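Trainee: Before the discussion begins, may I ask that the structure be displayed, so that each term can be set against its definition?

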Amino acid sequence: MTSNTTLPIREIALAPSVRAIFSKRGTDDHSNPYAGFNICHYTGDDTQHIDECRQQLCTHLGINAEQLIIPRQTHSTNIAVIDSVPFDPDSLIDVDALVTNLKGVALVINTADCVPILLAEENAGVIAAAHSGWRGTFGNIAAKTVQKMVELGASPLRIKAYIGPSICWECFEVGNDVVLKFRQVFGYNRDILKFKHFKSHIDLQEACRQQLVKAGVVNNNITLSGICSHCNPKQYFTARTHGIKSGRTASLIIQE
Ligand SMILES: [Zn+2]
């Protein structure tokens, strides 16, 4: 299948046999919070728009719709192991991370400020995608996903990780309730819990990086996108600007 150059996506070189991709909105029309590329089916967008975007993506990847695995995320730490396709859609409800050793299966995470994490262990042929907002980070979904990959034969030392477009610490002001929760997990870690203009802020991307390292992933094998969704609302969906009822950035990983 030839690639569709009009598709607003960016591919990341994680491993030779792995494609890691995140989407951009890809539109000059910002008249509504769904304008642009959106494949997320549970945040209020029109079904026809979602289906068109999914078809474009499947064509680009050379897969059919059944091979595009999109969970109904709920800020849980539940992980689904995709062991056959088609996969039971009911088993994708209340799921915030996906792991598989199947080839030709695209694992998708949808975000609009939360952190998407893509993981690949090429030797073992195990890939994963996780959604880590502040709740998922509090629950350490990053490490739980690594553990699930290990159960399928992956070695943490060989895992390559990508932390995708998400809210930066300067944009992510939080209330005391979240600060207290994060202190339970991270103590007074000043790389994660920060201050700006006397307000509390959290660096979610850094928190995820540290959780991956603690789970055994080598720091040099972790790439941060360095992109803030909230700083770039025309290029990326951001719930803090567009509202919860808006499109989502799709982050996905697939192995050949
Ligand atoms: Zn920002």
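Trainee: Which residue takes a positive phi in the hairpin of S7 and S8?

Mentor: The model is predicted. In that hairpin, glycine 125 takes a positive phi near 70°, and four residues lie between the strands.

Trainee: How do you know that S7 and S8 are paired?

Mentor: Two strands pair if DSSP finds at least two bridges between them. Seven bridges join S7 (residues 115-121) to S8, so the definition is met, and the two run antiparallel. Within this pairing, leucine 118 has alanine 129 of S8 as its bridge partner.

Trainee: What makes S5 a partner of S8?

Mentor: Four bridges join S5 (residues 97-100) to S8, again in antiparallel fashion. Since at least two are required, the strands pair. Isoleucine 127 in S8 is the bridge partner of threonine 100.

Trainee: Why is S8 called mostly covered?

Mentor: A residue is buried if 20 or more other C-beta atoms lie within 10 Å of its own. In S8 (residues 126-132), seven of seven residues are buried. Val126, Ala128, Ala130 and Ser132 point one way, Ile127, Ala129 and His131 the other, and all are buried.

Trainee: How do you know that S3 pairs with S6?

Mentor: Two bridges join S3 to S6 (residues 106-111), which satisfies the requirement of at least two, and these strands run parallel. Isoleucine 69 stands opposite leucine 107 in S6.

Trainee: What makes S1 and S3 edge strands?

Mentor: The open sheet of five strands has the order S1-S2-S13-S6-S3, with mixed pairing. S1 (9-15) and S3 (68-69) each have a single partner strand, so one side of each is left without a neighbour in the sheet.

Terms used:
Residues are numbered from 1 along each chain as its sequence is written. This is a predicted model: local features need pLDDT of at least 70, side-chain atom pairs count only at pLDDT 80 or more; totals for chains, interfaces and linings use all residues. A residue is buried if 20 or more other C-beta atoms lie within 10 Å of its own, exposed if 12 or fewer, and partly exposed in between; C-beta atoms are placed from the backbone.
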